[in-house]
Amino acid sequence: MKRTWILCLIGLLYLASVASSQAQQTGGIEKAVAALEEQWLQAQNTNSPDLLTPLLADKFVSTSPEGKVSSKAETMAELKSYVKDSGTYPALKVIVYGDTAIAMGILKVKQKDPSGKIVDLNVQWTDTWVKMPNAKWQCVASHASSIKM
């Protein structure tokens, strides 16, 4: 009987150790994806396609607040066409599901559109990140909706 209790205790300790290890790994992924989102913001603020290109999967798709669906190439071209003034993420959250992560946040930005008009934007966005076979995280889909703040 005593041996059974000891084996049960060892089993419970092992399970707790595994759960703790998974929680630490998930926390590391959340931080890594949040850092990639910050790199994306930096690319937008500096109109630097070179910062954004490695973050997006080849088959990346984006849906704008106006409902326009864009490919990776179209998204990169759009990045070059706007002049932004210090966009910020007042809210950013990442949830991990195995080799997929969902990042959600709000983007507040002032920018000039291609016609030169200054526009204040408040956008709620959701990005879907996937851990690729090369072990790098890339965004496969992005969706944005305008919000009032």
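This is a guided tour of one protein chain, with suggestions for what to select at each stop.

**Getting your bearings**

Keep in mind as you click around that the model is predicted. Start by colouring the chain by secondary structure: you should find three helices and six strands. Following the chain along its sequence, the order of these elements is α-α-β-β-α-β-β-β-β.

Next, switch on a surface. The accessible surface of the protein chain is about 9,500 Å², and carbon and sulfur atoms account for 59% of that surface. Of the chain's 149 residues, 30% count as buried. If you display contacts between residues at least 6 apart in sequence, 52% of them join residues at least 24 apart.

**Stop 1: the nonpolar core**

Hide the surface and select Val33, Trp40, Leu52 and Trp129. Within the largest nonpolar core, which has 25 residues, these four touch the most other members. Which elements each supply at least two residues of this core? Colour them to see: helix 1 (2-45), strand 1 (56-63), helix 3 (72-81), strand 3 (83-97), strand 4 (100-112), strand 5 (118-131) and strand 6 (137-146). Helix 1 is the biggest contributor, giving six residues to the core.

Now stay with Trp129 and show what surrounds it. Setting aside neighbours within four places in sequence, Trp129 is in contact with residues including Val33, Leu36, Glu37 and Trp40. Further along the chain, the contacts of Trp129 include Asp99, Thr100, Ala101 and Ala103, and Trp137, Gln138 and Cys139 are also among them. Keep Gln138 in mind, as the tour returns to it at the end.

**Stop 2: the aromatic rings**

Show the aromatic side chains as sticks. The structure holds three aromatic pairs, and two of them are visited here.

- Select Trp40 and Phe60. Their rings are edge-to-face, 6.1 Å centre to centre with 65° between the planes. Trp40 belongs to helix 1 and Phe60 to strand 1, so you are looking at a link between distant parts of the chain, 20 residues apart. Trp40 counts as buried at 7% relative accessibility, and Phe60 is buried too, with a relative accessible area of 2%.
- Select Tyr89 and Trp125. This pair is tilted because the ring planes sit at 45°, with the centres 5.1 Å apart. Tyr89 is in strand 3 and Trp125 in strand 5, so the pair ties together parts that are 36 residues apart in sequence. Tyr89 is buried, at a relative accessible area of 15%, and Trp125 counts as buried at 5% relative accessibility.

Before moving on, add Trp129 to the selection of Trp40 and Phe60. These residues form one aromatic cluster, and you have already met Trp40 and Trp129 among the core residues that touch the most other members.

**Stop 3: the salt bridges**

Switch to the charged side chains. How many salt bridges are there to find? The count comes to two.

For one of them, select Asp58 and Lys72, whose side chains meet at 3.7 Å, N to O. Asp58 is in strand 1 and Lys72 is in helix 3, so this bridge links distant parts of the chain, 14 residues apart. Are the two partners buried or exposed? Asp58 counts as exposed at 69% relative accessibility, whereas Lys72 counts as buried at 15%.

For the other, select Lys110 and Asp120, which also form a salt bridge at 3.7 Å, N to O. Lys110 lies in strand 4 and Asp120 in strand 5, so the bridge ties together parts that are ten residues apart in sequence. Lys110 is partly exposed, with a relative accessible area of 45%, and Asp120 is exposed at 53%.

**Stop 4: Gln138**

Finish by centring the view on Gln138, in strand 6. Gln138 is a polar side chain to look at closely: a polar atom of that side chain lies 3.4 Å from the backbone oxygen of Leu56. Gln138 is buried, because its relative accessible area of 19% falls under the 20% cut-off.

What does Gln138 touch, not counting residues up to four places away in sequence? Show Pro54, Leu55, Leu56 and Ala57, then add Thr128, Trp129, Val130 and Met132. Trp129 brings you back to the core where the tour began.

How values were computed
Residues are numbered from 1 along each chain as its sequence is written. This is a predicted model: local features need pLDDT of at least 70, side-chain atom pairs count only at pLDDT 80 or more; totals for chains, interfaces and linings use all residues. Side-chain values use heavy atoms; hydrogens and water are left out. A nonpolar core is a set of buried Ala, Val, Leu, Ile, Met, Phe, Trp, Tyr and Cys residues joined through side-chain atoms within 4.5 Å. Buried means under 20% relative accessible area, exposed over 50%, partly exposed in between (1.4 Å probe, protein chains only). Helices (H or I, at least four residues) and strands (E, at least two) are DSSP runs, numbered from the N terminus. Contact means heavy atoms within 4.5 Å. Rings of Phe, Tyr and Trp (its six-membered ring) pair if their centres lie within 6.5 Å; planes under 30 degrees apart count as stacked, over 60 as edge-to-face and the rest as tilted. A salt bridge is a side-chain nitrogen of Lys or Arg within 4 Å of a carboxyl oxygen of Asp or Glu. Accessible areas come from the Shrake-Rupley method with a 1.4 Å probe; for residues, only the protein chains shown count as cover. A polar contact is a pair of N or O atoms within 3.5 Å; within protein, one must be able to donate a hydrogen and the other to accept it, and residues adjacent in sequence count only if both atoms are side-chain atoms.
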